[in-house]
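User: I've got a model open and I'd like to learn how to read it feature by feature. Could you walk me through it?

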Amino acid sequence: MMGAAIAAMATSTPAAAYEFGSAGWAQKPGITLGGGTAANPPPGLYSFNQVFTYQANIVGPGAPNVGGVATPVHVAVEASGLLWVPGWTFLGATYDAVLVQPWIMADVGNPVNINPAGMHNTFIVPAELSWKLGDSGFFVKAGLGIYVPTGTISGVNGLGNVGNPWWTFQPNLVFSYLKDGWNLTANVFQEMNTRSTVTNYKSGDVFHAEFTATKTIGKWTFGPVGYYAGQVTDDSSSAFYGGAINTNRYALWAAGGLVGYNFGPAALHVWATHEFSASASGGTAAAPGFDSASITKGYSVFANLSFRLWAPDEPAEPPKRPFIHK
C-alpha cells in the first residue's frame, strides 16, 4: 500500500531498477501479512487502521555512503481503509471491494538528506471474488487493485515527495487454508505501472509473494510470516532521461512473526519482519564499469486494528481475523 513511502531513497543518486526517486514498489512488502486471507467475512462494512515503521539502510554496489557508513532510511506510515462485503455472489464467489488511504513520513540520511512527508497514492480494489471450496477449509480469491496518482507529487521528475505520478495496476491471487484455527495463506500479486505523466519513464513490474502460517487458540493468534519481493521486467526510458535506463534487478527476502488478540469489539494484530537477504545487481545508469544497483534492507514492525462498522439486520461483531487489502 505504501511502498513509495521510501520514495525517499534516491532523488539525487542512482537507485535500483526503477525510476530515479521512486521506492521501487508502490506497496511496501509485508503489509498483507496481518490477516489478509482468501476468505471474506459476513456481509457488512468493515474498517481497519494500519501503522508500520520501516528501519533500513541502502545496500548494494551502488549504495550511497559517507566514509563507508551506509545511508539510513526511516519510514512511518498510517493507513485507514474500508472493506465492503455486500453479500453479492458471482460465479459461485462472494464479492468485496476495498478503499485505502496511506499517509507517509520518511527520511533518508547522508549523503541524500531528504525527508518527504504527505499523502501516498490512494489504493482502490473495485472487485475481488472469493471462492470457498466446499468444506475442505480451502479458499481462493482473485482481484484487481489500483493505485491512483492522488498522492503528494512534487519535484522536476514528480518524485520529490511520497506520491507517484503514474497508475499502478495490481492483480492478485490468494490461496488459504482456514480450518481448526489454522491460517495458511499465500498471497501473490504483481505491480504493473503506467508511464509517468511527468517524465514518460515506465518502471518495470514488481512481483510479490507473502506467506502466513498462524494458529488461533482462544482469543490469541500467533505464528511465522515471510515475504519475497523483486522486479521481474525491465524499465522503459524516455527523452526526459536522454534514453538512460536502469536495467538492474533486485530481490528481497524477509521472515518474522505475528501475534494477535481478539478483544471482542475489535481485533489487533502485530507482526515484525526482518529482511535477511537483499540483493541488487546489473545497474547501468551510471559511469561505465560502475554498478549503480541499490535497494533497502532492514526490518519492519506493523500493527493492524480491525472492526465491523455495520452489518445488515444484525448487531456489529468483530471479524475473526483482520481484513486488510490484498
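Analyst: Sure, and keep in mind that this is a predicted model. Let's begin with the outside. The chain has an accessible surface of about 12,500 Å², and carbon and sulfur atoms account for 66% of that.

User: And what share of the 326 residues is buried?

Analyst: Buried residues make up 53% of them. A residue counts as buried when its relative accessible area is under 20%.

User: Next, secondary structure. How many helices and strands does the chain have?

Analyst: Zero helices and 16 strands. It also helps to look at contacts along the sequence: among those between residues at least 6 apart, 67% join residues at least 24 apart.

User: Can you give me some pairs to click on?

Analyst: Happy to. Start with Gly36, in the segment before strand S1. Gly36 and Asn187 are 151 residues apart in sequence, yet their C-alpha atoms are 8.2 Å apart in space. Then try Pro61, in the loop between strand S1 (44-59) and strand S2 (65-66). Its partner here is Ser279, 218 residues away in sequence and 9.3 Å away in space, C-alpha to C-alpha.

User: Are Gly36 and Pro61 buried or exposed?

Analyst: Gly36 counts as buried because its relative accessibility is 5%, under the 20% cut-off. Pro61 has a relative accessible area of 47%, so it is called partly exposed.

User: How should I read the nonpolar core?

Analyst: The general idea is that in soluble globular proteins, nonpolar side chains tend to be buried together. In this model, the largest nonpolar core has 21 residues, and Phe52, Val75 and Ile104 touch the most other members. The elements giving two or more residues to this core are S1, strand S4 (72-85), strand S6 (93-108), strand S13 (220-231) and strand S14 (249-262). S1 gives the most, with four residues. Another core lies apart from it, with 11 residues, including Ala26, Phe48, Leu83 and Val125.

User: What about empty space inside? How many cavities of 30 Å³ or more does the structure hold?

Analyst: One. About 80 Å³ of space lies in the largest cavity. Its lining has 16 residues, with Gly24, Trp25, Ala26, Trp166 and Asn193 nearest the centre. By type, the lining divides into seven nonpolar residues, eight polar and one charged.

User: Now a single residue. Where is Thr212, and which residues does it touch, leaving out those up to four places away in sequence?

Analyst: Thr212 sits in strand S12, residues 206-217. Setting those sequence neighbours aside, Thr212 touches Leu33, Asn183, Leu184, Thr185, Pro224 and Val225. With a relative accessible area of 8%, Thr212 is buried. You can also check the C-alpha atoms of Thr212 and Gly226: the two residues are 14 apart along the chain, and the atoms are separated by 6.8 Å.

User: Let me try another one. What is the relative accessible area of Tyr147?

Analyst: It's 0%, so Tyr147 is buried. Tyr147 lies in strand S9, residues 138-148. The C-alpha atoms of Tyr147 and Ile124 are separated by 6.5 Å, although the residues are 23 apart along the chain.

User: Last topic: backbone oddities. What should I look for?

Analyst: Most residues other than glycine have a negative phi, and most peptide bonds are trans. Anything that departs from that pattern is worth a look. Here, a cis peptide bond joins Asn110 and Pro111, with omega about 0°. Pro111 lies in the loop between S6 and strand S7 (117-119).

User: And which residue in the loop between S6 and S7 has a positive phi although it is not a glycine?

Analyst: That's Asn113, with a phi of about 55°, and it is found in that loop. Asp180 is another non-glycine residue with a positive phi, near 55°.

User: Where is Asp180, and is it buried or exposed?

Analyst: Asp180 is found in the loop between strand S10 (168-179) and strand S11 (182-193). Asp180 is exposed because its relative accessible area is 59%, and the cut-off for that class is over 50%.

Key. Residues are numbered from 1 along each chain as its sequence is written. This is a predicted model: local features need pLDDT of at least 70, side-chain atom pairs count only at pLDDT 80 or more; totals for chains, interfaces and linings use all residues. Side-chain values use heavy atoms; hydrogens and water are left out. On a 1 Å grid over the protein atoms alone, a cavity is a set of points where a 1.4 Å probe fits but cannot get out, and a pocket is an open set with protein on both sides within 12 Å along at least five of seven lines; lining residues have an atom within 4 Å of a point. Grid points are joined across faces, edges and corners, and a volume is the space filled by probe spheres set on the points. Ala, Val, Leu, Ile, Met, Phe, Trp, Tyr, Cys and Pro count as nonpolar, Asp, Glu, Lys and Arg as charged, and the others, Gly among them, as polar. Buried means under 20% relative accessible area, exposed over 50%, partly exposed in between (1.4 Å probe, protein chains only). A nonpolar core is a set of buried Ala, Val, Leu, Ile, Met, Phe, Trp, Tyr and Cys residues joined through side-chain atoms within 4.5 Å. Contact means heavy atoms within 4.5 Å. Accessible areas come from the Shrake-Rupley method with a 1.4 Å probe; for residues, only the protein chains shown count as cover.
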